[in-house]
Amino acid sequence: MGLEEYKGVYVFAQQVDNVINSIAFELIGKGKDLAEALGTQVTAVLLGSNVKNLADELAEYGADKVIVVDDPELKEYRTEPYAHALSSVIEKYKPEIMLVGATAIGRDLGPRVSARIHTGLTADCTQLEIGDFPINPVPGKETKHNQLLMTRPAFGGNTIATIACPDFRPQMATVRPGVMQKRERQEGVKANVEEFNPGFTPDNKYVEILEIVKAVTDTVDIMDAKILVSGGRGVGSPENFKLLEDLAEAIGGTVSCSRAVVDAGWKPKDLQVGQTGKTVRPHVYFAIGISGAIQHIAGMEESDIIVAINKDETAPIFSVADYGVVGDLNKILPVLTEQIKAARAAN
Amino acid sequence: MKIVVCIKQVPDTKGGVKFNPDGTLDRASMMTIMNPDDKAGLEAALRLKDEYGAEVTVLTMGLPKAEEVLREAIAMGADKGVLVTDRVLGGADTWATSQTLAGALRNMEYDLIITGRQAIDGDTAQVGPQISEHLNIPVISYAQNLKVEGDSVIVERQFDDRYHVLKAKMPCLITALAELNEPRYMTPGGIFDAYKAEITVWGRADLKDVEDSNLGLKGSPTQIAKASDKVRKGSGEVVTLDPAEAASYITGKLKEKHVI
């Protein structure tokens with residue numbers, strides 16, 4: 001089986017409760033860049049039950065083709081039927097690149113599928129491009145062109161590594177949500193749909209779902225926020241987050257937090273920014289009373305504008321801040337909130 | 001019940017990492033610890049042992065020095081330790097690592113295999129699910145709660161905005177989140193046992209049903225093209241001002257950037 005038989009960029013279009021996850025559009029967006037470099041197309045793979053009507057949305061974000069596996073076994077995410085469906089799609093259609101979101105679903109599905117079809121998988125990528133491997137010619141070693149070069153942080157964000165998968169196909173990666181850019185939605189585009197069903201035969205690997213417990217949350221997803229007002233241990237108490245909430249309200253932002261705040265039980269986990277929380281890239285990120293552990297910085301350093309307030313002038317957060325203020329947040333925030341209110345009222 | 005817990009010795013990344021002049025990681029100068037998610041997995045196994053009387057074996061792959069984490073696990077209450085170490089296994093990616101551990105597990109008896117969700121050095125979360133695939137058993141990853149009922153496990157599996165309560169027939173593999181529990185400390189008696197304990201050491205020849213072409217650097221589909229210290233965007237301005245001036249400074253910058 002020749003590697004050149006494998007063609008096209010495929011992305012796993014994750015849906016839950018028949019709502020497509022934003023990561024699917026991000027993968028299509030990045031997939032388009034890669035497909036253009038390779039002179040090929042982007043195919044979205046949509047797995048679920050009664051999901052056919054979601055295909056057009058994938059086309060609106062740029063998918064050239066949508067393969068739909070629609071089966072009652074795929075109603076809720078379970079590792080085995082999903083792994084079977086995606087592996088079967090790969091075996092039948094032979095993509096050269098297969099991208100999966102590095103979500104709680106994708107990081108379970110990706111490894112299972114890559115092990116089944118015997119290929120490499122690079123986890124949690126933050127950058128993807130097409131290039132040569134080795135990157136610079138090495139005497140005595142063949143240079144392979146048009147390889148997927150997958151870049152990811154490792155060692156808690158202290159290092160970055162670029163990985164290739166030169167001898168196996170597809171080249172598989174899970175991609176960190178919130179990092180790749182979606183394309184602008186083109187309303188009304190119709191999908192080129194191909195239906196496929198590999199058949200499902202439950203075996204020992206099919207687990208039983210006894211119960212589904214959804215977290216009750218009425219907050220905005222911090223990954224979608226344009227402005228984040230993020231607090232750390234330095235805020236001092238859960239009550240003191242009122243200062244951040246006031247600022248967020250004045251500027252039209254959303255409150256998020258560091259891991260220390262979640263560990264202390266002051267805020268829920270879905271507001272946590274960082275390596276073990278969410279990666280965010282808002283237009284403005286306020287880091288308030290956040291010292292800036294490397295794991296936190298890894299989750300927010302791509303923000304356009306970073307404003308940091310901390311009483312400790314040696315806090316590592318200042319090393320990534322565009323505008324750093326050394327001072328007491330309790331005294332600065334109320335004044336800042338009033339000034340912002342006044343400025344916005346004047347506009 | 002027989003439980004095998006896969007654990008990894010990892011550099012403690014909390015204190016930052018150090019590099020050799022050639023840009024490779026200076027592992028020798030860094031402190032090592034038992035990977036936190038794996039430790040939670042071990043604690044879960046030890047609780048099952050406390051409750052149902054299980055035999056807990058810890059399995060690791062690494063340099064001979066990785067024996068230390070096996071002894072730590074025994075000091076916490078594990079019964080046996082198996083170290084897989086061999087030069088030919090070095091440089092393995094997650095495919096080759098999972099092949100190696102699956103090869104070792106084929107020589108072991110288990111009802112339940114527990115791994116951590118991910119290791120803090122690689123952060124891939126891939127080895128657990130890949131082992132389960134090679135052994136053709138079910139996997140439940142991201143476990144935040146775990147109990148045994150007859151021949152099945154009942155597991156709370158965490159997702160972004162929900163959790164599923166899942167039931168799987170044993171044998172199966174669970175990947176544990178650090179949030180699963182608060183691992184116990186080593187006991188004085190346990191430390192004594194750990195000193196005396198004989199660690200089983202396996203090499204390449206002891207792995208069952210694994211091709212050489214799936215092991216070590218040569219058996220790894222992924223290859224490193226480039227590795228480097230993270231380049232950060234660098235700091236901007238840092239000012240120390242009294243509160244009113246500090247607020248005006250920030251407001252001014254936000255106006256300049258057309259945020260407000």
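**Exercise 1. Determine which residue of S9(B) is the bridge partner of Lys214(A), and describe the pairing to which this bridge belongs.**

Step 1. In strand S9 of chain B, Lys214(A) has Arg162(B) as its bridge partner; helices (H or I, at least four residues) and strands (E, at least two) are DSSP runs, numbered from the N terminus.

Step 2. The strand of chain A concerned is S13, residues 208-214, which runs antiparallel to S9(B) and is joined to S9(B) by six bridges; two strands are said to pair if DSSP finds at least two bridges between them.

Step 3. These statements concern a predicted model, in which local features need pLDDT of at least 70 and side-chain atom pairs count only at pLDDT 80 or more, while totals for chains, interfaces and linings use all residues. Residues are numbered from 1 along each chain as its sequence is written, and chains are lettered from A and ligands numbered from 1 in the order in which they are written.

**Exercise 2. State how many residues of each chain take part in the contact between chain B and chain A, and which elements of chain B contribute.**

Step 1. Counting two residues as in contact if their C-beta atoms, placed from the backbone, lie within 7 Å, one finds 69 residues of chain B in contact with 75 residues of chain A.

Step 2. Among the elements of chain B that give two or more residues to this side are helix H3 (94-105), helix H4 (127-135), strand S7 (139-149), strand S9 (162-169) and helix H6 (243-256). The largest share, 10 residues, comes from H6(B).

Step 3. Sorted by class, the side of chain B that touches chain A has 31 nonpolar, 20 polar and 18 charged residues, where Ala, Val, Leu, Ile, Met, Phe, Trp, Tyr, Cys and Pro count as nonpolar, Asp, Glu, Lys and Arg as charged, and the others, Gly among them, as polar.

**Exercise 3. Give the strand order of the open sheet of six strands, and identify the helix of chain B that packs on this sheet.**

Step 1. The order is S15(A)-S14(A)-S16(A)-S17(A)-S18(A)-S13(B), with parallel pairing. At the edges stand strand S15 (254-257) of chain A and S13 of chain B, each of which pairs on one side only.

Step 2. The twist from one strand to the next averages 20°, the axes being lines fitted to C-alpha atoms, for helices over the stretch in contact, with angles that run from 0 to 180 degrees between N-to-C directions.

Step 3. Within the sheet, strand S14 (residues 227-231) of chain A runs parallel to strand S16 (residues 284-288) of chain A, and five bridges join them; Ile227(A) has Val284(A) as its bridge partner in S16(A).

Step 4. The helix is H6(B), which touches strand S17 (305-310) and strand S18 (323-326) of chain A together with S13 of chain B, and whose direction makes about 175° with that of S18(A).

**Exercise 4. Describe the open sheet of four strands in the same manner, including the helix of chain A that packs on it.**

Step 1. This sheet has the order S8(A)-S9(A)-S10(A)-S12(B), with antiparallel pairing. Its edge strands are S8 (127-133) of chain A and S12 of chain B, each pairing on one side only.

Step 2. With direction ignored, neighbouring strands are turned by 30° against each other on average.

Step 3. Five bridges join strand S9 (residues 144-154) of chain A to strand S10 (residues 159-164) of chain A, and the two run antiparallel; Ala154(A) stands opposite Thr159(A) in S10(A).

Step 4. Helix H1 (residues 22-38) of chain A packs on the sheet by touching S8 and S9 of chain A, and its direction makes about 20° with that of S8(A).

**Exercise 5. Establish how many residues of helix H2 of chain B are buried, and what covers them.**

Step 1. A residue is buried if 20 or more other C-beta atoms lie within 10 Å of its own, exposed if 12 or fewer, and partly exposed in between, with C-beta atoms placed from the backbone.

Step 2. By this criterion eight of the 10 residues of H2(B) (residues 67-76) are buried, including Val69(B), Leu70(B), Arg71(B) and Glu72(B).

Step 3. The covering elements include helix H1 (36-52), strand S4 (55-61) and helix H5 (188-196) of chain B. After the helix comes Gly77(B), with a positive phi near 135°.
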